[in-house]
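Visitor: I should like to go through this structure with you, one question at a time. Please take me through the reasoning behind each answer.

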Amino acid sequence: MAKRSATARKNTRLRPRKGGDAIRYTARMPRVNVDRHRVRRGTEVRLGRIDTKQDGGLSEEDGKKRLPVLTERLAELQELMYAEGKHALLIVLQAMDAAGKDSTIRHVFGPVNPQGCRVASFKVPTSLERRHDFLWRVHRAVPPLGSFGIFNRSHYEDVLVVRVKKLASPRVWKARFDHINAFERLLTDNGVAILKFYLHISKGYQKRRFERRLERPDKRWKFNVGDLEDRARWGAYRTAYEEVFRRCSTTHAPWYVVPAERRWYRNLVVAQAAVNALEKLKMRTPKPDFDPASIRID
Ligand code: ADP
């Protein structure tokens, strides 16, 4: 039998386990163009001009076939990251209510080894958290080298909800953009790759999602009357998000505005951006500090 090349062996290993899919991960596989959704440093974003229903020119069928290939690759990269121990991946997810943060986490990071991936959700600060600086609780939740961390909401709430609901004075929240950039620089200097995703939906889409939550008895628990208060401040949130993108999308910690109404496309963009960022790290399995040939196992 002809000897198979190293690439062919690798491709077989990366084949999705389920579904008998024809697509396999290869380094040359056509990639979803996620760069078009990345906010260039210092650019003005007008959310109202960005189509929330984009699909990257892919069909839903094709998109759904690609996801397991990418998530399997993500799981493999996560294992490599653990073995190497020099990097971590931090995913920041922000969105208006019902845009699908939880579902993105489930679909994209569900297949990753749970031992190497931690999700931190940031809610209204507790009384103890309020007695510290705004980054205190966040810094403690940063993934240690060798693992993935997902922020379901994040330190950006401190320049979003805090600004919109006037929970702090402008002098306080305005100073935070610089604090955030310095903090994220500290993390990336320490080996943490940071990717920040805003799941972009329209007000009409949110209305439909809320209505669905009310209609379906099994979804009603997700409806929160308080979410309507944020919905009523849609424009103010938009302004606040636009300033976040302009001030805090950096080369080392970029923001992506992800069109999120086609959920399969939203998942693909997040998965592809994560795979791209991890592959750029050029991680290597560590060489053993012993000679395997010299070991005898009785
Ligand atoms: P989610 O909407 O993320 O599923 P919750 O319904 O529990 O989760 O909402 C969490 C709430 O906590 C959000 O309304 C969010 O704006 C709020 N929150 C998060 N961080 C802060 C903060 N730093 N200051 C004030 N409110 C915050």
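Visitor: Is P259 buried or exposed, and at what relative accessibility?

Guide: The model is a predicted one. P259 lies in strand β5, residues 255-259. Buried means under 20% relative accessible area. P259 therefore counts as buried, its relative accessibility being 0%.

Visitor: Which residues does P259 touch, not counting those up to four places away in sequence?

Guide: Along the chain, P259 and I201 are 58 residues apart, yet their C-alpha atoms are separated by 6.7 Å. Contact means heavy atoms within 4.5 Å. With residues up to four places away left out, P259 touches H37, D51, T52, Q54, H200, Y265 and R266.

Visitor: What separates the C-alpha atoms of K64 and Y265?

Guide: K64 is found in helix α2 and counts as partly exposed, at 49% relative accessibility. Y265 is one of the residues that P259 touches. K64 and Y265 are 201 residues apart along the chain, and the separation of their C-alpha atoms is 8.3 Å.

Visitor: Which residues have the most contacts inside the largest nonpolar core?

Guide: The core in question has 80 residues. Its largest share, 11 residues, comes from helix α11, residues 263-280. The residues with the most contacts inside this core are F109 and F245.

Visitor: With which residues is F245 in contact, leaving aside its neighbours within four places in sequence?

Guide: F245 is one of the two residues named for having the most contacts inside the largest nonpolar core. Once neighbours within four places in sequence are set aside, its contacts are V39, V45, L47, Y198, W255 and V257.

Visitor: Against which elements do the buried residues of α3 pack?

Guide: Helix α3 spans residues 101-109, and its buried residues are K101, S103, T104, I105, V108 and F109. These buried residues pack against α2, β1 (88-95), β2 (117-121), β3, β4 (192-200) and α11.

Visitor: Which residues come nearest to the ligand?

Guide: Around the ligand there are 13 residues. By class, this shell has six nonpolar, no polar and seven charged residues. Those that come nearest are K101, K123, R153, E157 and D158.

Visitor: How much of the accessible area that the ligand has on its own does the protein cover?

Guide: Two oxygen distances can be given: a polar side-chain atom of K123 lies 3.0 Å from an oxygen atom of the ligand, and a polar backbone atom of V124 is 3.2 Å from a ligand oxygen atom. A nitrogen atom of the ligand is 3.2 Å from an N or O atom in the side chain of R137. On its own the ligand has 570 Å² of accessible area, and the share covered by the protein is 78%.

Visitor: What is the phi of R153?

Guide: R153 is among the residues that come nearest to the ligand, and its place is in the loop between β3 (148-152) and α6 (161-164). Most residues other than glycine have a negative phi. R153 is not a glycine, yet its phi is positive, at about 70°.

Visitor: Is K166 buried or exposed, and at what relative accessibility?

Guide: K166 lies in the loop between α6 and α7 (170-189). Its phi is positive, about 55°, although K166 is not a glycine. The cut-off for exposed is over 50%. K166 therefore counts as exposed, with a relative accessibility of 70%.

Visitor: With which side chain does the side chain of E243 make a polar contact?

Guide: E243 is found in helix α10, residues 234-248, and counts as buried because its relative accessibility is 15%. Apart from residues up to four places away in sequence, E243 touches R163, W173 and F177. The polar contact, at 2.8 Å, is with the side chain of R163.

Visitor: Which residues is T188 in contact with, leaving aside its neighbours within four places in sequence?

Guide: T188 has its place in helix α7. At 18% relative accessibility, T188 counts as buried. Without the neighbours within four places in sequence, the contacts of T188 are I194 and H252.

Visitor: How far is the backbone oxygen of R40 from a polar atom of the side chain of T43?

Guide: T43 lies in the loop between α1 (6-13) and α2 (60-84) and is partly exposed, its relative accessible area being 32%. From a polar atom of the T43 side chain to the backbone oxygen of R40, the distance is 2.6 Å.

How values were computed:
Residues are numbered from 1 along each chain as its sequence is written. Side-chain values use heavy atoms; hydrogens and water are left out. Helices (H or I, at least four residues) and strands (E, at least two) are DSSP runs, numbered from the N terminus. Buried means under 20% relative accessible area, exposed over 50%, partly exposed in between (1.4 Å probe, protein chains only). A polar contact is a pair of N or O atoms within 3.5 Å; within protein, one must be able to donate a hydrogen and the other to accept it, and residues adjacent in sequence count only if both atoms are side-chain atoms. A residue is near a molecule or strand if one of its heavy atoms lies within 4 Å of it. Accessible areas come from the Shrake-Rupley method with a 1.4 Å probe; for residues, only the protein chains shown count as cover. Ala, Val, Leu, Ile, Met, Phe, Trp, Tyr, Cys and Pro count as nonpolar, Asp, Glu, Lys and Arg as charged, and the others, Gly among them, as polar. A nonpolar core is a set of buried Ala, Val, Leu, Ile, Met, Phe, Trp, Tyr and Cys residues joined through side-chain atoms within 4.5 Å.
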